[in-house]
Amino acid sequence: MRDISIELKKSFFTPSEQEVFAAGDMSVSLFRYDSGVEALRLKNKRGHLIVLPFMGQMVWEAVFDGVSLGMKSMFKQPRPATDILQTYGCFAYHSGLLRNGCPSPEDTHALHGEMPCAPMDRAHILCGEDQGGFYVALVSEWEYAMGFGNHYLATPRIVLRPNESLFDLEMKVQNLSGAPMDLMYISHVNFGLVKDGKILQAADFSPSDTCVRTSIPGHIQPTPVYQALIDELAKHPQRSEVLHDVAQYNPEQVFFIRHLKSDPNGLTHMMVRRPEQDAFYMSWAPKNMPKTIRWILCNSDQEVGAFALPGSCEPEGYLAEKAKGNVRSLAGGETAHFKVRLGYLDPTGADEVQKIITQLNAPSA
């Protein structure tokens, strides 16, 4: 079929939710939160996504087969914000792009860069067919321009297909300048914290493959108990494989997952199996997104089980990542493309992925 594109205007969004597109079991509806933030509901037979087309293209909510995938937070709805901490309750956001991570005292950038709450210039609904079959997508655009500085086009895209509980989250970045630019990207997906969930990854739970962050960022006030936990997890990261004692992750704990194995298509697979035997799932190409972070947090206001945050860098701020060689240079006119597949697996789907991960972890003959 021929692709259909529907341009979105902010005037289309009202407090009363209105359906603007339907095809088979899929539909798109628009509404505006009481806070004033525009939202789009992308729905199929299995569930729905709520996306903020003009605010960084955040995914505020993801629900499939009646299971909410996102973090617990104090934010009941998105709030107008320029800083991600002012509205930290979303399921997923695009972290970066010129700068990323937790700034050190010497860094000058905002937490996780300029992209999370970016005021997008344009957005449109796109539907059509490709090698994966019929799809409905939301595409947003933001042209970043700074006098005597960087100039790029960011194009995030989210894709859902009929009767699927997995979806694609993409980001394209084109350097519109003739000069090279720094690029730091992380797909920041905040899955909910699964008590007694088991993490399955195509890497060992050894100190070399599941590395604990031993540096402590400025927003954390360490205690002797917290420092002891870091020391223990650094020696025995296998303690984090099953999320039994989630209360210990207060303050947060961060891991760097290394040496991930890939399948013949170049993709790695990671998931958390819930006690119900279903799972939260992510897949991506480590060749394109070579760094993977795990962030676990449990306190009275927030619970996050972000078991995989893939990207081009780690989250320790620009200067630290530059020193580690993790800041990519994007040549003038060059485009970078990042993509993750993620969502919910029922028990049968989780069994199938577990077999794949088990095979990837099997010793070579």
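**Exercise 1.** Leaving aside neighbours within four places in sequence, which residues is His-94 in contact with? Place this residue in the predicted model, and decide whether His-94 is buried or exposed.

*Solution.* Begin with the position in the chain: His-94 belongs to strand 8, which covers residues 92-97. Next, list the residues that His-94 touches once its neighbours within four places in sequence are set aside, namely Gly-56, Gln-57, Met-115, Pro-116, Pro-156, Leu-169, Glu-170, Met-171, Tyr-185 and Ile-186. Then look at Tyr-185, whose side chain makes a polar contact with the side chain of His-94 at 2.7 Å. Finally, turn to accessibility: the relative accessibility of His-94 is 1%, and because buried means under 20%, His-94 counts as buried.

**Exercise 2.** Trace the open sheet from one edge strand to the other, and find the bridge partner of Ser-5 in strand 9.

*Solution.* Start with the order of the nine strands, which is 1-9-10-11-12-22-18-17-14, with antiparallel pairing. The edges are strand 1 (4-7) and strand 14 (198-201), each of which pairs on one side only. From one strand to the next, the twist averages 15°. Now go to strand 1, which is joined to the antiparallel strand 9 (residues 122-130) by four bridges; within strand 9, Leu-126 is the bridge partner of Ser-5.

**Exercise 3.** Determine which strands helix 3 lies across, and at what angle helix 3 runs to strand 17.

*Solution.* Locate helix 3 at residues 347-361, and then follow the strands that it lies across: strand 14, strand 17 (268-273), strand 18 (279-284) and strand 22 (335-345). As a last step, compare directions, where helix 3 runs at about 130° to strand 17.

Note on methods:
Residues are numbered from 1 along each chain as its sequence is written. This is a predicted model: local features need pLDDT of at least 70, side-chain atom pairs count only at pLDDT 80 or more; totals for chains, interfaces and linings use all residues. Side-chain values use heavy atoms; hydrogens and water are left out. Two strands pair if DSSP finds at least two bridges between them. Helices (H or I, at least four residues) and strands (E, at least two) are DSSP runs, numbered from the N terminus. Axes are lines fitted to C-alpha atoms, for helices over the stretch in contact, and angles run from 0 to 180 degrees between N-to-C directions. Contact means heavy atoms within 4.5 Å. Buried means under 20% relative accessible area, exposed over 50%, partly exposed in between (1.4 Å probe, protein chains only). A polar contact is a pair of N or O atoms within 3.5 Å; within protein, one must be able to donate a hydrogen and the other to accept it, and residues adjacent in sequence count only if both atoms are side-chain atoms.
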